[in-house]
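Could you walk me through this structure in the viewer, one selection at a time? I would like to know what to click on next and what I will find there.

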Amino acid sequence: MSALTFTLKFKPTQRVDLSPLVSQNLSGLSLDEISALTLQSGKLKLRVDDLFTIVGSDAQDIVINNSVDNLDFIGKDLEGGSITINGNAGAYLAFGLKSGEIKVSGNVGLYAACEMKKGYLEISGNAGDFLGAALPGNKMGMKGGTILVKGNVGERAGDHMRRGNILIEGNAGDYCGSRMTAGTIAVMGQTGRYLGYAMRRGTLLLWNQPKLSASFNDCGAHTLAFLPILFASFKTLNSRFADASIAFNRVQRYAGDMSEMGRGEVLVKL
Amino acid sequence: MIINGVSIDATFAEAFPMKATRAIITAQNEKWAMISAQAMTGFATSVIACGCEGAIERVLDPSETPDGRPGVAIMIFAMGGKGLAKQLETRAGQCVLTSPTSALFSGIDGGIRIPLGKNLRYFGDGFQVSKQISGKRYWRIPVMDGEFLTEATTGQIDAIGGGNFLVLAESQPQALAACEAAIEEMRKIPNVIMPFPGGVVRSGSKVGSKYKSLGASTNDAFCPTLKGMTKTDLSPEIESVMEIVIDGLTKEDIDKAMRVGIQAVCDLGAANGIKRISAGNYGGKLGPFHFHLQEIMA
């Protein structure tokens with residue numbers, strides 16, 4: 001079976017909700033049935049074949065070609081299989097992802113992997129604000145799985161994050177790891193202001209010294225036994241994180257945010 | 001059956017179903033991993049009074065351990081899952097958590113999950129940190145030398161305890177030398193432990209006693225000093241008997257360990273004072289696993 005491939009015919013003027021195009025919805029449907037599914041775009045309902053040329057049959061292997069930044073909710077609540085996005089993706093990519101993997105060759109918008117539960121998201125470009133975060137008003141962001149970003153991420157990455165890994169090869173914006181409850185965010189590049197703002201627990205693993213708020217306390221230099229195990233778990237990734245030479249276990253440990261519970265930690269490579 | 005002048009009795013070892021687990025202890029170097037492992041498996045020779053049977057299975061190369069440090073694999077066997085879990089947790093808390101530079105990991109991926117460091121985390125008094133990596137939960141417990149890293153659970157699986165054979169020799173030094181040779185070979189076999197001191201037991205027991213409070217007592221039929229005063233199982237030239245007890249994960253593992261052990265004893269042969277190999281059983285009525293010596297050595 002060949003991949004079920006959606007090739008965008010033109011860039012829509014309005015944003016489009018692509019949430020119906022996930023494996024659990026498309027399995028067992030013929031191309032005609034898939035073509036007749038409707039997608040919300042502003043006030044309009046568009047047929048899938050109004051926007052896309054569709055070929056292939058394997059709903060467990062979905063490909064979206066010529067993707068652009070106003071295609072939202074790609075891979076929403078995906079349960080198994082894979083989605084490969086050639087191009088950019090809009091907001092709410094991998095929203096509530098349950099299992100399976102999503103790969104994007106370009107950049108993605110706001111709230112990627114928002115409230116993601118499990119699975120794997122790989123973004124080759126940059127990600128917008130609120131990566132792996134919770135919806136406004138909700139208390140639990142990402143609950144599991146792994147996000148890999150090869151570029152930079154915006155502000156509030158991992159806001160209210162509960163579990164899982166966010167791996168960022170580039171830089172992170174302000175408020176990275178804000179209000180984290182647990183989980184791990186690793187940033188190879190630079191981090192912005194208010195790192196770990198109001199974080200309760202969780203780990204921010206950094207390659208470069210951040211500018212820390214006064215509510216983070218220095219716990220000294222340490223060799224931590226869990227770091228080699230954490231780095232070993234990245235071995236299979238298509239990433240610089242998989243390179244054994246970048247691994248380290250010697251860190252400066254800062255505890256915070258002391259204005260909150262204060263059980264979180266910022267670990268900076270020594 | 002006679003091998004190199006050593007007579008192999010037409011008898012069998014009788015063994016019992018047990019529950020087993022394995023844990024991996026790592027440390028800054030092999031010396032400290034071994035110290036911790038020895039502490040954890042100390043006073044674990046027999047379920048009769050120790051609550052479990054445990055021993056070091058083997059030394060692990062750093063490439064075989066989860067954190068890439070030198071390590072030691074230990075196995076613990078008990079009659080039931082509840083008892084096993086209690087022994088494991090108590091020993092981990094008192095012997096590994098306390099041991100400098102140590103870390104503790106699961107040695108069995110499958111099976112029923114039982115707590116390894118899951119409850120030890122409370123020693124961290126709220127400063128403990130959980131990390132879930134590749135589907136496994138770890139606890140980082142702050143301690144005075146840094147952090148104690150432990151996996152939350154390990155696997156409990158069905159196993160077999162009580163495989164054994166007896167070495168009957170013309171003298172005590174000859175019996176011990178033969179047992180040492182056997183243990184050296186048996187320790188190369190995976191999935192088995194020999195839980196007694198140095199792998200050898202000199203006080204084999206029988207079921208029951210003349211004293212009501214005791215469930216087991218000395219195996220007088222194999223005590224050489226009693227040859228003239230009890231229904232002995234020893235011929236006049238036998239002056240010393242020693243036993244090797246084997247616990248293993250499967251019948252095949254114990255078969256293999258018994259075979260290499262008995263072979264090592266027989267290689268010394270009659271020329272070195274080894275006269276007979278026998279085994280301990282209870283008439284075949286108590287334990288469902290029977291290890292027939294002649295079948296194993298055939």
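Here is a tour that starts with a whole chain and ends at single residues.

**Stop 1: chain A as a whole**

Keep in mind from the start that this is a predicted model. Select chain A and show it as a cartoon: four helices and 17 strands should appear. Along the principal axes, the C-alpha atoms of chain A fill a box of roughly 65 × 35 × 25 Å. The radius of gyration of chain A is 19 Å, which agrees with the value near 18 Å for a compact globule of 270 residues. Of the 270 residues of chain A, 50% count as buried. Among contacts in chain A with a separation of 6 or more, 39% join residues 24 or more positions apart.

**Stop 2: the domains of chain A**

Now colour residues 1-69 of chain A as domain 1 and residues 91-269 as domain 2. The centres of these two domains of chain A, taken over C-alpha atoms, are 31 Å apart.

**Stop 3: where the chains touch**

Bring chain B into view. How many residues does each chain give to the contact? Chain A gives ten residues and chain B gives 13 residues. On the side of chain A, select β15 (217-223) and α4 (226-232), the elements that give two or more residues. The largest share, four residues, comes from α4(A). Colour this side of chain A by class and you will find six nonpolar, three polar and one charged residues.

**Stop 4: the largest nonpolar core**

Next, which residues have the most contacts inside the largest nonpolar core? Select B:Ile25, B:Ile74, B:Val167 and B:Val265 to see them; the core itself has 172 residues. Strand β3 of chain B, residues 12-26, gives the largest share of this core, eight residues.

Stay with B:Ile74 for a moment. Leaving aside neighbours within four places in sequence, its contacts include B:Arg22, B:Ala23 and B:Ile25. B:Ala37 and B:Met40 are also among the residues that B:Ile74 contacts, and both are found again at the next stop.

**Stop 5: one helix of chain B**

Select α1 of chain B, residues 30-40, and show the side chains of B:Ala33, B:Ser36, B:Ala37 and B:Met40, which are buried. Why are they on the same side of α1(B)? They cover an arc of only 100° around the axis, which puts them there. To see what covers the buried residues of α1(B), add elements of chain B including β3, β4 (53-60), β5 (71-78) and α3 (81-96).

**Stop 6: unusual backbone spots in chain A**

Some background helps here: most residues other than glycine have a negative phi, and most peptide bonds are trans.

- Go to A:Phe130, in the loop between β10 (120-123) and β11 (146-149) of chain A. Its phi is positive, about 60°, although A:Phe130 is not a glycine. A:Phe130 is buried, with 28 other C-beta atoms within 10 Å.
- Move on to A:Tyr194, in the loop between β13 (184-187) and β14 (203-206) of chain A. Here phi is also positive, about 55°, and A:Tyr194 is not a glycine. A:Tyr194 counts as buried, because it has 20 C-beta neighbours inside 10 Å.
- Finish at the peptide bond from A:Gly256 to A:Asp257, which is cis, with omega near -10°. A:Asp257 is in the loop between β16 (250-256) and β17 (264-269) of chain A.

Notes. Residues are numbered from 1 along each chain as its sequence is written. Chains are lettered from A and ligands numbered from 1 in the order in which they are written. This is a predicted model: local features need pLDDT of at least 70, side-chain atom pairs count only at pLDDT 80 or more; totals for chains, interfaces and linings use all residues. Two residues are in contact if their C-beta atoms, placed from the backbone, lie within 7 Å. Ala, Val, Leu, Ile, Met, Phe, Trp, Tyr, Cys and Pro count as nonpolar, Asp, Glu, Lys and Arg as charged, and the others, Gly among them, as polar. Domain bounds come from an automatic or database domain assignment. A nonpolar core is a set of buried Ala, Val, Leu, Ile, Met, Phe, Trp, Tyr and Cys residues joined through C-beta atoms within 7 Å. A residue is buried if 20 or more other C-beta atoms lie within 10 Å of its own, exposed if 12 or fewer, and partly exposed in between; C-beta atoms are placed from the backbone. The radius of gyration is taken over C-alpha atoms; the globule rule is 2.2 Å times the number of residues to the power 0.38. The arc is that of the directions from the helix axis to the C-beta atoms.
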